[in-house]
Amino acid sequence: GSKVRSVAWSPDGSRIATASGGGVWVWDAVTGEKLLSLEHGSKVRSVAWSPDGSRIATGSDGDGVRVLDAVTGKELLSLEHDHRVDSVVWSPDGSRIATGSDGDGVRVLDAVTGEELLSFECGHWVNSVAWSPDGSRIATSSTFGGVRVLDAVTGEELLSLERGRGFGSVVWSPDGSRIA
């Protein structure tokens, strides 16, 4: 089998989505039964559930970002990226999606229309993006650019932590006061 690159629990804990090879699979978290197979044309690197559990966003090597119905698998939105998308994450209110890639930096997209609301060039390969719990900030980590915290509306850089080597992942504390 293919290497699993991303795993995400549904918000209610009843399902698990896995990204592997050229697709995403949704599993029953109790029985392990495969509920849905969502084939992609390229390697899927990131998968994320919308906060209400109704949609799944995926980021991939060649298909950019896709938003799928979490029950039927129907494609609701397809958003092109010029480079592979390594991280995709929903805003806490489910209205926006942030992406991180190896050449497109960070993009914030309307989760319904796909309109680009914000673009931030990091100059480095963005491995991970994470919304603060209140949705006001986005933290990013990159291979050579360290960690950055951005205003989620304006894109203004609020904090930059440069290090000699890069970071593969970033996450907020539940109260939004710290990042790891």
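**View 1. Strand 15 sits well inside this predicted model.** Here's a strand with little contact with the outside: 5 of the 6 residues of strand 15, which covers residues 146-151, are buried. That's why strand 15 can be called largely enclosed by the rest of the structure. On one side, strand 15 pairs with strand 14 in the antiparallel sense, over 6 bridges. Look for Arg-137 there, whose bridge partner in strand 15 is Asp-151. Strand 15 also pairs with strand 16, again antiparallel, this time over 4 bridges. In that pairing, Val-147 has Leu-161 of strand 16 as its bridge partner. The two strands make a hairpin with 5 residues between them, and Gly-155 in this hairpin takes a positive phi near 85°.

**View 2. Step back a little and strand 15 turns out to belong to an open sheet of 4 strands.** The order is 13-14-15-16, and the pairing is antiparallel. Which strands stand at the edges? They are strand 13 and strand 16 (157-161), each with a single partner strand, so one side of each has no neighbour in the sheet. Neighbouring strands here are turned by 15° against each other on average, if you ignore direction. Strand 13 is joined to strand 14 (residues 137-142) by 5 bridges, and the two run antiparallel. One pair to pick out is Trp-131, with Ile-138 in strand 14 as its bridge partner.

**View 3. Another open sheet is built from strands in the order 1-2-3-4.** It has 4 strands, and the pairing is antiparallel. Strand 1 (4-9) and strand 4 (34-39) are the edge strands, and each of them pairs on one side only. On average, neighbouring strands of this sheet are turned by 15° against each other, direction ignored.

**View 4. Zoom in on strand 1 and strand 2, which pair over 5 bridges.** They run in the antiparallel sense, and strand 2 takes up residues 15-20. Two pairs help you find your way: Ser-6 stands opposite Ala-19 of strand 2, and Trp-9 stands opposite Ile-16. Together the two strands form a hairpin with 5 residues between them. Gly-13 lies in the turn and has a positive phi of about 80°.

**View 5. Now follow strand 2 across to strand 3.** These two strands pair over 6 bridges in the antiparallel sense. Ala-19 shows up again here, this time opposite Val-24 in strand 3. This hairpin has 2 residues between its strands, and Gly-21 takes a positive phi near 55°.

**View 6. Are the residues of strand 2 buried or exposed?** Buried: that goes for 6 of the 6, so strand 2 is largely enclosed by the rest of the structure. Arg-15, Ala-17 and Ala-19 point one way from the strand, while Ile-16, Thr-18 and Ser-20 point the other way. Both sets are buried.

**View 7. The largest nonpolar core has 13 residues.** Which of them touch the most other members? Those are Ala-17, Val-24, Val-26, Val-47, Trp-49 and Ile-56. Strand 2, strand 3 (23-28), strand 4 and strand 5 each give two or more residues to this core. Strand 5 gives the most, with 3 residues.

**View 8. The largest pocket has a volume of about 460 Å³.** It is lined by 23 residues, and the closest to its centre are Ala-48, Val-88, Val-89, Val-129 and Ala-130. Three elements give two or more residues to the lining: strand 5 (44-49), strand 9 (85-90) and strand 13 (126-131). What kinds of residue make up the lining? By class there are 13 nonpolar, 8 polar and 2 charged residues.

**View 9. The last close-up goes to Val-112, out in a loop.** You'll find this residue between strand 11 (106-110) and strand 12 (116-120). Val-112 has a relative accessibility of 63%, and exposed means over 50%, so it counts as exposed. How far apart are Val-112 and Gly-94? In sequence the answer is 18 residues; in space it is 9.4 Å, C-alpha to C-alpha.

Definitions and conventions. Residues numbered from 1 in each chain as written. Predicted model: local features only at pLDDT ≥ 70, side-chain atom pairs only at ≥ 80, totals over all residues. Heavy atoms only, no water. Pairing = 2+ DSSP bridges. Axes fitted to C-alpha atoms, helices over the stretch in contact; angles between N-to-C directions. 1 Å grid on protein atoms, 1.4 Å probe; cavity = no way out; pocket = protein on both sides within 12 Å on 5 of 7 lines; lining within 4 Å. Points joined across faces, edges and corners; volume = space filled by probe spheres on them. Nonpolar A, V, L, I, M, F, W, Y, C, P; charged D, E, K, R; others polar. Core = buried A, V, L, I, M, F, W, Y, C linked by side-chain atoms within 4.5 Å. Buried < 20%, exposed > 50% of the residue type's maximum accessible area, 1.4 Å probe, protein only.
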